[in-house]
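Please look over the sequence and the model below before reading on. The report takes up a pair of strands, then the cysteines, then the ligand.

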Amino acid sequence: MKNEMKSFQIRPVNNEDKAWIAKFHAEQWGSAVSVTRGKAYQADSFPGFIAMNQDRKAGLALYRLDGKACEIMSMNSLVEGIGIGSALVDAVKDAALKAGCKRLWLIITNDNTKALRFWQKQGFRLAAVYPGSAEKLRRLKPEIPLTGDDGIPIRDEIELEMILQ
Ligand SMILES: CC(C)(COP(=O)(O)OP(=O)(O)OC[C@H]1O[C@@H](n2cnc3c(N)ncnc32)[C@H](O)[C@@H]1OP(=O)(O)O)[C@@H](O)C(=O)NCCC(=O)NCCS
(Lines give C-alpha, C1' and ligand atoms only; values in the text may rest on other atoms or scores of the structure.)
Protein backbone atom coordinates (compact mmCIF):
# COMPACT_ATOMS: atom_id res chain seq x y z
CA MET A 1 0.00 0.00 0.00
CA LYS A 2 1.28 3.44 -0.92
CA ASN A 3 -0.96 5.03 1.68
CA GLU A 4 -0.86 3.70 5.25
CA MET A 5 -4.53 4.74 5.87
CA LYS A 6 -6.47 1.83 4.40
CA SER A 7 -10.14 2.73 3.95
CA PHE A 8 -11.33 -0.75 3.02
CA GLN A 9 -11.33 -4.29 4.34
CA ILE A 10 -11.06 -7.63 2.53
CA ARG A 11 -13.28 -10.52 3.62
CA PRO A 12 -14.04 -13.96 2.14
CA VAL A 13 -17.31 -14.37 0.25
CA ASN A 14 -20.01 -16.38 2.00
CA ASN A 15 -23.33 -18.03 1.05
CA GLU A 16 -25.29 -14.83 1.69
CA ASP A 17 -23.22 -13.06 -0.99
CA LYS A 18 -24.30 -15.44 -3.79
CA ALA A 19 -27.24 -13.40 -5.12
CA TRP A 20 -25.16 -10.22 -5.06
CA ILE A 21 -22.24 -11.97 -6.83
CA ALA A 22 -24.51 -13.23 -9.64
CA LYS A 23 -25.99 -9.73 -10.11
CA PHE A 24 -22.65 -7.93 -9.83
CA HIS A 25 -20.95 -10.34 -12.24
CA ALA A 26 -23.78 -9.83 -14.75
CA GLU A 27 -23.43 -6.04 -14.46
CA GLN A 28 -19.65 -6.14 -14.89
CA TRP A 29 -19.23 -9.05 -17.32
CA GLY A 30 -22.51 -9.34 -19.23
CA SER A 31 -24.02 -12.35 -17.41
CA ALA A 32 -23.61 -14.50 -14.30
CA VAL A 33 -21.68 -16.99 -16.43
CA SER A 34 -17.90 -16.89 -16.44
CA VAL A 35 -16.10 -18.36 -19.46
CA THR A 36 -12.41 -19.14 -19.97
CA ARG A 37 -10.55 -21.62 -22.20
CA GLY A 38 -13.71 -23.11 -23.66
CA LYS A 39 -15.48 -23.77 -20.36
CA ALA A 40 -18.45 -22.07 -18.71
CA TYR A 41 -18.95 -21.69 -14.96
CA GLN A 42 -21.51 -20.05 -12.68
CA ALA A 43 -19.81 -17.06 -11.07
CA ASP A 44 -21.61 -17.55 -7.74
CA SER A 45 -20.16 -21.06 -7.41
CA PHE A 46 -16.62 -19.80 -6.78
CA PRO A 47 -14.83 -18.94 -3.55
CA GLY A 48 -13.49 -15.41 -3.43
CA PHE A 49 -13.01 -12.16 -1.57
CA ILE A 50 -15.01 -8.96 -1.29
CA ALA A 51 -13.54 -5.52 -0.57
CA MET A 52 -15.73 -3.53 1.84
CA ASN A 53 -15.35 0.24 1.72
CA GLN A 54 -17.34 2.03 4.44
CA ASP A 55 -19.94 -0.78 4.60
CA ARG A 56 -20.31 -0.87 0.81
CA LYS A 57 -19.09 -3.64 -1.46
CA ALA A 58 -16.29 -2.05 -3.49
CA GLY A 59 -14.56 -4.97 -5.15
CA LEU A 60 -14.75 -8.68 -5.87
CA ALA A 61 -12.23 -11.37 -6.77
CA LEU A 62 -13.32 -14.93 -7.56
CA TYR A 63 -11.05 -17.94 -7.99
CA ARG A 64 -11.15 -21.63 -8.82
CA LEU A 65 -8.90 -24.28 -7.28
CA ASP A 66 -7.87 -27.09 -9.59
CA GLY A 67 -5.20 -29.38 -8.16
CA LYS A 68 -1.97 -27.43 -7.81
CA ALA A 69 -3.31 -24.51 -9.85
CA CYS A 70 -5.57 -21.62 -8.98
CA GLU A 71 -7.37 -19.68 -11.69
CA ILE A 72 -8.50 -16.14 -10.93
CA MET A 73 -11.97 -16.07 -12.51
CA SER A 74 -12.79 -12.41 -12.07
CA MET A 75 -11.37 -9.26 -10.55
CA ASN A 76 -13.26 -5.98 -10.18
CA SER A 77 -12.60 -2.84 -8.21
CA LEU A 78 -15.29 -0.17 -7.96
CA VAL A 79 -13.00 2.35 -6.26
CA GLU A 80 -9.87 2.38 -8.34
CA GLY A 81 -6.39 3.51 -7.37
CA ILE A 82 -6.57 3.02 -3.60
CA GLY A 83 -5.18 -0.51 -3.47
CA ILE A 84 -8.36 -2.61 -3.59
CA GLY A 85 -7.28 -4.58 -6.68
CA SER A 86 -3.83 -5.26 -5.22
CA ALA A 87 -5.29 -6.34 -1.86
CA LEU A 88 -7.72 -8.71 -3.60
CA VAL A 89 -4.80 -10.25 -5.55
CA ASP A 90 -2.88 -10.73 -2.28
CA ALA A 91 -5.90 -12.39 -0.66
CA VAL A 92 -6.33 -14.85 -3.55
CA LYS A 93 -2.59 -15.53 -3.59
CA ASP A 94 -2.66 -16.35 0.15
CA ALA A 95 -5.66 -18.65 -0.34
CA ALA A 96 -3.94 -20.42 -3.25
CA LEU A 97 -0.75 -20.91 -1.23
CA LYS A 98 -2.75 -22.27 1.72
CA ALA A 99 -4.44 -24.72 -0.67
CA GLY A 100 -1.01 -25.95 -1.82
CA CYS A 101 -1.13 -24.35 -5.27
CA LYS A 102 2.06 -23.84 -7.23
CA ARG A 103 0.57 -21.71 -9.98
CA LEU A 104 -1.82 -18.77 -10.07
CA TRP A 105 -3.21 -17.94 -13.50
CA LEU A 106 -5.92 -16.08 -15.31
CA ILE A 107 -7.33 -15.21 -18.68
CA ILE A 108 -8.02 -11.76 -20.09
CA THR A 109 -9.27 -10.85 -23.54
CA ASN A 110 -7.02 -9.02 -25.98
CA ASP A 111 -8.93 -5.72 -25.70
CA ASN A 112 -8.31 -5.37 -21.95
CA THR A 113 -5.04 -3.45 -22.09
CA LYS A 114 -5.70 -1.90 -18.68
CA ALA A 115 -5.86 -5.38 -17.15
CA LEU A 116 -2.74 -6.44 -19.05
CA ARG A 117 -0.95 -3.54 -17.38
CA PHE A 118 -2.47 -4.27 -13.96
CA TRP A 119 -1.59 -7.97 -13.92
CA GLN A 120 1.97 -7.40 -15.10
CA LYS A 121 2.46 -4.77 -12.41
CA GLN A 122 1.17 -7.36 -9.92
CA GLY A 123 4.01 -9.68 -10.98
CA PHE A 124 2.17 -11.90 -13.48
CA ARG A 125 3.94 -13.04 -16.67
CA LEU A 126 2.52 -13.75 -20.10
CA ALA A 127 2.06 -17.51 -20.42
CA ALA A 128 0.10 -17.99 -23.65
CA VAL A 129 -2.00 -16.35 -26.33
CA TYR A 130 -4.93 -18.19 -27.92
CA PRO A 131 -5.61 -16.51 -31.27
CA GLY A 132 -9.26 -16.51 -32.30
CA SER A 133 -10.46 -18.32 -29.16
CA ALA A 134 -13.04 -15.65 -28.30
CA GLU A 135 -15.32 -17.13 -30.96
CA LYS A 136 -15.61 -20.33 -28.93
CA LEU A 137 -16.22 -18.31 -25.75
CA ARG A 138 -19.00 -16.40 -27.53
CA ARG A 139 -20.76 -19.68 -28.35
CA LEU A 140 -20.89 -20.41 -24.60
CA LYS A 141 -21.65 -16.81 -23.65
CA PRO A 142 -23.33 -14.83 -26.46
CA GLU A 143 -23.20 -11.67 -24.30
CA ILE A 144 -19.47 -11.28 -25.10
CA PRO A 145 -19.48 -8.31 -27.48
CA LEU A 146 -17.65 -8.28 -30.79
CA THR A 147 -15.92 -5.06 -29.79
CA GLY A 148 -14.46 -4.37 -26.36
CA ASP A 149 -12.42 -1.70 -24.60
CA ASP A 150 -11.22 1.23 -26.72
CA GLY A 151 -13.09 -0.12 -29.75
CA ILE A 152 -10.73 -3.12 -30.00
CA PRO A 153 -12.30 -6.27 -31.56
CA ILE A 154 -12.44 -9.09 -28.97
CA ARG A 155 -10.73 -12.02 -30.67
CA ASP A 156 -8.16 -13.71 -28.45
CA GLU A 157 -7.57 -14.92 -24.91
CA ILE A 158 -4.31 -14.00 -23.17
CA GLU A 159 -3.12 -16.22 -20.30
CA LEU A 160 -1.06 -14.71 -17.50
CA GLU A 161 0.55 -16.63 -14.66
CA MET A 162 2.47 -16.32 -11.43
CA ILE A 163 4.51 -19.22 -10.12
CA LEU A 164 3.95 -19.50 -6.37
CA GLN A 165 6.73 -20.41 -3.96
C1 LIG B 1 -7.81 -3.71 -12.94
C2 LIG B 1 -8.48 -3.28 -11.64
C3 LIG B 1 -8.98 -4.53 -10.91
C4 LIG B 1 -7.47 -2.53 -10.76
O5 LIG B 1 -8.07 -2.27 -9.50
P6 LIG B 1 -7.59 -1.05 -8.53
O7 LIG B 1 -8.40 -1.15 -7.29
O8 LIG B 1 -7.60 0.23 -9.25
O9 LIG B 1 -6.10 -1.52 -8.24
P10 LIG B 1 -5.06 -0.84 -7.23
O11 LIG B 1 -5.68 0.36 -6.60
O12 LIG B 1 -4.53 -1.88 -6.34
O13 LIG B 1 -3.91 -0.42 -8.21
C14 LIG B 1 -4.11 0.56 -9.23
C15 LIG B 1 -3.06 1.64 -9.12
O16 LIG B 1 -3.27 2.43 -7.96
C17 LIG B 1 -2.06 2.53 -7.20
N18 LIG B 1 -2.41 2.63 -5.77
C19 LIG B 1 -2.79 1.63 -4.98
N20 LIG B 1 -3.01 2.10 -3.73
C21 LIG B 1 -2.77 3.41 -3.77
C22 LIG B 1 -2.84 4.44 -2.80
N23 LIG B 1 -3.23 4.20 -1.56
N24 LIG B 1 -2.51 5.67 -3.20
C25 LIG B 1 -2.13 5.94 -4.46
N26 LIG B 1 -2.07 5.00 -5.43
C27 LIG B 1 -2.38 3.75 -5.08
C28 LIG B 1 -1.36 1.23 -7.52
O29 LIG B 1 0.05 1.33 -7.25
C30 LIG B 1 -1.64 1.10 -8.98
O31 LIG B 1 -0.83 1.99 -9.71
P32 LIG B 1 -0.02 1.47 -10.96
O33 LIG B 1 -1.05 0.91 -11.90
O34 LIG B 1 0.67 2.65 -11.49
O35 LIG B 1 0.89 0.41 -10.41
C36 LIG B 1 -9.66 -2.32 -11.92
O37 LIG B 1 -9.22 -1.28 -12.77
C38 LIG B 1 -10.90 -2.96 -12.55
O39 LIG B 1 -11.78 -3.42 -11.85
N40 LIG B 1 -10.97 -2.97 -13.90
C41 LIG B 1 -12.15 -3.47 -14.62
C42 LIG B 1 -12.28 -4.97 -14.56
C43 LIG B 1 -11.06 -5.69 -15.10
O44 LIG B 1 -10.62 -5.44 -16.21
N45 LIG B 1 -10.52 -6.61 -14.29
C46 LIG B 1 -9.30 -7.33 -14.64
C47 LIG B 1 -9.52 -8.41 -15.60
S48 LIG B 1 -10.10 -9.89 -14.84
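## A hairpin of two strands

Which residue of β3 does V35 stand opposite? In this predicted model, V35 faces A40 in β3. The two strands concerned, β2 (residues 33-36) and β3 (residues 39-42), pair in the antiparallel sense, and four bridges join them. Two residues lie between the strands of this hairpin, where R37 takes a positive phi near 45 degrees.

## Two cysteines without a bond

Why is there no disulfide between C70 and C101? A disulfide requires two cysteine sulfur atoms within 2.5 Å, but the sulfur of C70 is 5.2 Å from its closest cysteine sulfur, that of C101, and this is too far for a bond. The count of disulfides by this rule is therefore zero. Both residues are nevertheless shielded by the protein: C70 is buried, with a relative accessible area of 0%, and C101 is also buried, at 3%.

## The surroundings of the ligand

The ligand is surrounded by 22 residues, and the closest are S77, E80, G83, S86 and R117. Sorted by class, this shell holds nine nonpolar, eight polar and five charged residues.

Several polar atoms of the protein lie beside oxygen atoms of the ligand: one in the side chain of S77 at 2.7 Å, one in the backbone of G85 at 2.9 Å, and an N or O atom in the side chain of K121 at 3.1 Å. Taken alone, the ligand exposes 940 Å², of which the protein buries 77%. Two or more residues of the shell come from each of β6 (69-77), α2 (84-98) and α3 (113-121), with α3 giving the largest share, six residues.

Definitions and conventions:
Residues are numbered from 1 along each chain as its sequence is written. This is a predicted model: local features need pLDDT of at least 70, side-chain atom pairs count only at pLDDT 80 or more; totals for chains, interfaces and linings use all residues. Side-chain values use heavy atoms; hydrogens and water are left out. Two strands pair if DSSP finds at least two bridges between them. Buried means under 20% relative accessible area, exposed over 50%, partly exposed in between (1.4 Å probe, protein chains only). A residue is near a molecule or strand if one of its heavy atoms lies within 4 Å of it. A polar contact is a pair of N or O atoms within 3.5 Å; within protein, one must be able to donate a hydrogen and the other to accept it, and residues adjacent in sequence count only if both atoms are side-chain atoms. Accessible areas come from the Shrake-Rupley method with a 1.4 Å probe; for residues, only the protein chains shown count as cover. Ala, Val, Leu, Ile, Met, Phe, Trp, Tyr, Cys and Pro count as nonpolar, Asp, Glu, Lys and Arg as charged, and the others, Gly among them, as polar.
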